[in-house]
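Reader: Could you walk me through some of the labels used for this model? I would like to hear the reasoning behind each one.

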Amino acid sequence: MSTAGPLLRHRFETLADASAALAEAVAVRLRTCVDERGRALLAVPGGTTPARFLAALAEHELPWESVTVLPTDERFVAPDDLASNERMIRAAFAPLRDGRAGFVSFHSCGDDLAAAAASLDRLLAGLPALDIVVSGMGADGHIASLFPGDARGLSAGPGVHAVAATPPDLPPRLSLSPARLRGAGHACLLISGQEKERVLASAVELPGAFPVGLLLGRPQGLDVYWAKA
């Protein structure tokens, strides 16, 4: 089993400050990727917390035409549904609104969840490894749509790129697989509040008990951007 890499913690008073610092770090890495390989692949989370990060990242002058963005996961709803991660990402991130950056949609894979997951898996198999993944984390320690107790999703093998998720009392979802998330060149976690700080501390002690342990156990390490509020 590979040894976990460094865990770097960046602490801020506000989510706005954490988002701005994260955006600057991601912008530097994106520019390096484009300079070295001519392109960059960036995975970003949905939900409400990342919107400030996406807006801050959009303010950086980068060759966005060489950057492709995709969500870490997506609710199995219509693209224009209020719950759609793609809808939030497009609204918050100006390079997508303006058509300057590329985007991999999870919404073009059909109406059947299992078939959609298989179709998305084939699509992602044709893409290189993620250069950067920015993840959020739920209060239960979930990342993307990999939830505690989801043995099938969490145990998906190294050749799997996308998985279907049916968390209890929540809409069904599509998610990047553990291998896709762990295999990113660089990984960052954006969280806020004391509760999530406590959950992360528990995951550091018992990484196998929390899906976020997938990122904590990466040999490449993990950068955590935490905001007090």
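**Labels and reasons**

Author: Gladly! This is a predicted model, and its largest cavity has a volume of about 50 Å³. The lining consists of R9, R11, I191, E197, L200, V224 and W226. Two or more of these residues come from each of β1 (7–12), α8 (194–205) and β10 (222–227).

Reader: What is the make-up of that lining by class?

Author: The lining has 4 nonpolar, no polar and 3 charged residues.

Reader: Why is the pair of F12 and Y225 called stacked?

Author: Their ring centres are 6.2 Å apart and the planes differ by 5°. Pairing needs centres within 6.5 Å, and stacking needs planes under 30 degrees apart, so the label stacked fits. The pair joins strand β1, which holds F12, to strand β10, which holds Y225, across 213 residues.

Reader: Why does Y225 count as buried?

Author: Y225 has 5% relative accessibility; buried means under 20%, so Y225 qualifies.

Reader: What makes W64 and F93 an edge-to-face pair?

Author: The centres of W64 and F93 lie 5.2 Å apart, with 90° between the planes. An angle over 60 degrees counts as edge-to-face, so that is the name for this pair. W64 is buried, with a relative accessible area of 1%, and F93 is also buried, at 1% relative accessibility.

Reader: How do you know that the charged end of R90 sits over the ring of F103?

Author: The charged end of R90 is 4.6 Å from the ring centre of F103. The distance limit is 6 Å, so that part of the rule is met, and R90 is listed as sitting over the ring.

Technical notes:
Residues numbered from 1 in each chain as written. Predicted model: local features only at pLDDT ≥ 70, side-chain atom pairs only at ≥ 80, totals over all residues. Heavy atoms only, no water. 1 Å grid on protein atoms, 1.4 Å probe; cavity = no way out; pocket = protein on both sides within 12 Å on 5 of 7 lines; lining within 4 Å. Points joined across faces, edges and corners; volume = space filled by probe spheres on them. Helix = DSSP H or I, 4+ residues; strand = E, 2+ residues; numbered from the N terminus. Nonpolar A, V, L, I, M, F, W, Y, C, P; charged D, E, K, R; others polar. Phe/Tyr/Trp six-rings, centres within 6.5 Å; stacked < 30°, edge-to-face > 60°. Buried < 20%, exposed > 50% of the residue type's maximum accessible area, 1.4 Å probe, protein only. Lys NZ or Arg CZ within 6 Å of the ring centre and 35° of its normal.
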